[in-house]
Amino acid sequence: MTKAMLAHILIFTAIIGVALTLQLEGLSTKKPRLTKYTMKPTLDSGTSLPSTVSMYRINNTNGATCILIRTDALLSVSYRDKLGEDKELDIYLPDYPELWGTCEDDQSSISLKTKDFVLEIDFKKTPGGERWYVSYVEVSYSSSNPKFEHIDRPGLKVKLSTPPNTLLFGTPVGKSYTCDQEKIITMFSQDENDKSGHLAKLYLRELRMQSFMFKAANTWGPTFQCSATGTYRDETAPIAVGSALAIVTLCSVTAYGIWRYMKIKNVQYGAME
């Protein structure tokens, strides 16, 4: 095989690799979902007001902030009424709920209590201590709340949460997680004997949060953006691209080897004659 032919094979391999990369990236990028709320409604009119954010803070025993959350949040609970129809109850997180929490070196938590529910968010550090993340989210309430109109199963103490070993919003320690795109946390019962059949979703807009701060100044750490473009990439795409490119390269090398072997064999056979 001449140098020119080998160069053509390498160029062809590179072109196929680029094409596969672009195609798989297009398949693995998802557009952010448009959700049901963009404005907070007023109580006494049908008009809407611009959304507002609320600030939630937990301090340690020395008075320094260890958890700080800023968001415009909505809790949506799906349930069934007495007619068997699916219903949803939407409740905005208030500006001034009852707050309490814990502040430890590797684990911390914040709980928000309103007249309708209690919301708990737990934070942990990765084993090496380089990153913090949300490890658990739980909401608890009574199905006898009159806001559940004609609910099929009143009188239940409902507790919904994220699955075990949850890892959300992974962020380097010392930085604050920031996201302009709406984030959704889904919670459901982890009890096999649960009779409510409820499902809860926590919608977080204009989100900024940080745990393990321990700063006397009570200020945010540097921003850690959730995504520069607002899109989300499936982590299997780089693996698929690499595998496809490896297969193309292997086929090219194999074809060259076979061609080279046949050429040498023909030359040796011609020499024998």
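This report describes the aromatic pairs of the structure, a charge placed over a ring, and the surroundings of one strand residue.

The model is a predicted one, and it holds 4 aromatic pairs. The rings of Phe 123 and Trp 132 make an edge-to-face pair, because their planes stand at 65° and an angle over 60 degrees is counted in that class. Phe 169 and Tyr 177 also pair, in this case with a tilted arrangement. The geometry of these two pairs is set out below.

| Pair | Centre to centre | Angle between planes | Class |
|---|---|---|---|
| Phe 123 and Trp 132 | 5.8 Å | 65° | edge-to-face |
| Phe 169 and Tyr 177 | 4.8 Å | 35° | tilted |

As to solvent exposure, Phe 123 has a relative accessibility of 0% and therefore counts as buried, while Trp 132, with a relative accessible area of 0%, is buried as well. Phe 169 and Tyr 177 are both buried too. Elsewhere, Tyr 79, Tyr 141 and Phe 148 are linked by ring pairs into a cluster.

A charged side chain also meets an aromatic ring, since Lys 125 lies over the face of Phe 212, at 5.1 Å from the ring centre.

Turning to the strand residue, Ile 91 belongs to strand β6, which spans residues 86–92. Its relative accessibility is 12%, so Ile 91 counts as buried, the cut-off for that class being under 20%. When neighbours within four places in sequence are left aside, Ile 91 is in contact with Leu 74, Leu 75, Asp 116 and Phe 117. Between Ile 91 and Val 77, which are 14 residues apart in sequence, the C-alpha to C-alpha distance is 8.5 Å.

Key: Residues numbered from 1 in each chain as written. Predicted model: local features only at pLDDT ≥ 70, side-chain atom pairs only at ≥ 80, totals over all residues. Heavy atoms only, no water. Phe/Tyr/Trp six-rings, centres within 6.5 Å; stacked < 30°, edge-to-face > 60°. Buried < 20%, exposed > 50% of the residue type's maximum accessible area, 1.4 Å probe, protein only. Lys NZ or Arg CZ within 6 Å of the ring centre and 35° of its normal. Helix = DSSP H or I, 4+ residues; strand = E, 2+ residues; numbered from the N terminus. Contact = heavy atoms within 4.5 Å.
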